[in-house]
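Work through the exercises below with the sequence and the 3D structure at hand. Try each task before reading its solution.

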Amino acid sequence: MKIRILFLLFTILISCKTKEKSLQTQSTPVETVKTRSKQLRDDSLNIMIGQMILVGLNDRTVLPTNDSIRKELNAGKIGSVIIFEKNISKTKSAETLKKLIADLQTETPIPLFVTIDEEGGKVHRLKEKYGFVKMPSAQYLGNLNNPDSTLFYTRNLAKELKELGINLNFAPDVDLGLNKENPVIYKVGRSYSANPQIVTEQALLSIEGHHEFGVKTILKHFPGHGSSSLDSHLGIVDITNQWKIMELWPYRDIIRSGNCDAVMTAHIINCHLDTSCLPATLSKPIINDILRDLLQFDGVVFSDDMQMNAISKNYGLENAIKLSINAGVDILLFGNNVHLDDRITATQIHNIIKKLVKSGEIKESRIEESFRRIMALKNKKVN
């Protein structure tokens, strides 16, 4: 309850220009006002940082009464969670998953983004063997290139997501299938086509099908992973010499359509786009200059999983967090699909971000920007 009240106070604080002036006219002693203002700022900062954190649920399929994540949720240190196949019970799958999600939502002062990777094909958590609907791959749908088929399958999926309580899907994938030897995109059927027009049309149909059931979507992997020859889950991927500018066209056209809810970054290096050769997730020229300024996207930017080897093995946890937020990432994904010793809690992530803000390495105004975008997306009506 305290967090809910503080959140409402904070919303009023940032939207009311006359707040500071009215405080000065009250008869409350100045020192008391300063103390209360500092406490409000600290609590507001905690709330804003919490909204930037997206975590996996480890192996949970239920939420026990004494579960440590309940405390983090209640304190507002988690703004989003992601569901993986390991979070799906092998019996009573839909019923158990729906209850898990509902239990998570009851603990939070601000409703969660409950996310999932449901592209279809091989990237398909809600498998038919658990009693869920069939969802073919993007490659299959792109080859058909039939609007009715794409809408049919996507509507079935989105209806199921809605019923489970999942409100944000890490799909559609708008990478162009340019490299047939690409092990993480083309070979596993994640691209609709090498033709940017077909990719755009199919992605817009996917978004339409999701939106009909109130489910929001995330385009990925910006600025394009389709021309790569390596997998960023395993290490650094440099696409400087393979990447083509037309890989931006689906983003450009979907953003212009007004139907782009959010964008996920790729952990790929392109030294032509960023001469410092940082991965896109950590790159201000790629996120701020290209996505924000050139393509005019002011929505939420999600990182790809910060625990993928391309980032975690090369840039260090604190440094990667600092670089990504300063580059323009709004929500940091930590899936915790790693060795037990390498898993990280929302509280640890929260503490790192707050430390960086307090030290001045990340400006508080930068946190406020992300908070504004996140809350706008959470409040956005799409159906």
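The exercises that follow concern a predicted model and go from the whole chain to single residues.

**Exercise 1. The chain as a whole**

Task: State how many helices and strands the chain has, and what share of its residues count as buried.

Solution.
Step 1. Count the elements: the chain has 14 helices and 12 strands.
Step 2. Take the burial: 55% of the 383 residues count as buried.
Step 3. Add the surface: the accessible area of the chain is about 16900 Å², and carbon and sulfur atoms hold 53% of this area.
Step 4. Look at the contacts: among those with a separation of 6 or more, 78% link residues 24 or more positions apart.

**Exercise 2. The largest nonpolar core**

Task: Find which helix gives the most residues to the largest nonpolar core, and list what Ile-353 is in contact with beyond its neighbours within four places in sequence.

Solution.
Step 1. Size the core: the largest nonpolar core contains 102 residues. Phe-222, Phe-302, Ile-321, Ile-353 and Ile-367 have the most contacts inside this core.
Step 2. Find the helix: H13, residues 346-358, gives the most to the core, with 6 residues.
Step 3. List the contacts: with neighbours within four places left aside, Ile-353 is in contact with Ile-49, Ile-53, Ile-321, Ile-325, Leu-332 and Ile-367.

**Exercise 3. One face of a helix**

Task: Determine how the buried residues of helix H12 are placed around its axis.

Solution.
Step 1. Name the buried residues: in H12 (residues 317-327) they are Ala-320, Ile-321, Ser-324, Ile-325 and Ala-327.
Step 2. Look down the axis: the buried residues of H12 lie within an arc of 160°, so they line one face of the helix.
Step 3. Find the cover: helix H10 (284-294), helix H11 (309-312), strand E12 (332-334), H13 and helix H14 (364-379) are among the elements that cover these residues.
Step 4. Go past the end of the helix: Gly-328, just after H12, has a positive phi of about 125°.

**Exercise 4. The disulfide**

Task: Identify the two cysteines joined by a disulfide and give the handedness of the bond.

Solution.
Step 1. Recall the bond type: a disulfide is a covalent bond between the sulfur atoms of two cysteines.
Step 2. Find the pair: the structure has 1 disulfide, and it joins Cys-271 to Cys-277 with an S to S distance of 2.1 Å.
Step 3. Use the torsion: about the S-S bond of Cys-271 and Cys-277 it is about 135°, so the disulfide is right-handed.
Step 4. Check exposure: Cys-271 counts as partly exposed at 21% relative accessibility, and Cys-277 is partly exposed at 28%. Cys-260 counts as buried at 10%.

**Exercise 5. Two buried residues**

Task: Decide whether Arg-60 and Val-382 are buried or exposed, and describe the surroundings of Arg-60 and Val-382.

Solution.
Step 1. Place Arg-60: it is in the loop between strand E1 (53-56) and helix H4 (68-74).
Step 2. Apply the cut-off: buried means under 20% relative accessible area. Arg-60 has 17% and therefore counts as buried.
Step 3. Describe its surroundings: the side chain of Arg-60 makes a polar contact of 2.8 Å with the side chain of Asp-67. Beyond four places in sequence, the contacts of Arg-60 include Ser-68, Ile-69, Lys-86, Asn-87 and Leu-100.
Step 4. Turn to Val-382: this residue is in the segment after H14, and at 16% it is buried.
Step 5. Describe its surroundings: Val-382 touches His-211, Gly-214, Val-215, Lys-216 and Asp-261, not counting residues up to four places away in sequence. The C-alpha atoms of Val-382 and Gly-214 are 5.5 Å apart, although 168 residues separate them along the chain.

Technical notes. Residues are numbered from 1 along each chain as its sequence is written. This is a predicted model: local features need pLDDT of at least 70, side-chain atom pairs count only at pLDDT 80 or more; totals for chains, interfaces and linings use all residues. Side-chain values use heavy atoms; hydrogens and water are left out. Helices (H or I, at least four residues) and strands (E, at least two) are DSSP runs, numbered from the N terminus. Buried means under 20% relative accessible area, exposed over 50%, partly exposed in between (1.4 Å probe, protein chains only). A polar contact is a pair of N or O atoms within 3.5 Å; within protein, one must be able to donate a hydrogen and the other to accept it, and residues adjacent in sequence count only if both atoms are side-chain atoms. Contact means heavy atoms within 4.5 Å. A nonpolar core is a set of buried Ala, Val, Leu, Ile, Met, Phe, Trp, Tyr and Cys residues joined through side-chain atoms within 4.5 Å. A disulfide is a pair of cysteine sulfur atoms within 2.5 Å. Accessible areas come from the Shrake-Rupley method with a 1.4 Å probe; for residues, only the protein chains shown count as cover. The arc is that of the directions from the helix axis to the C-beta atoms.
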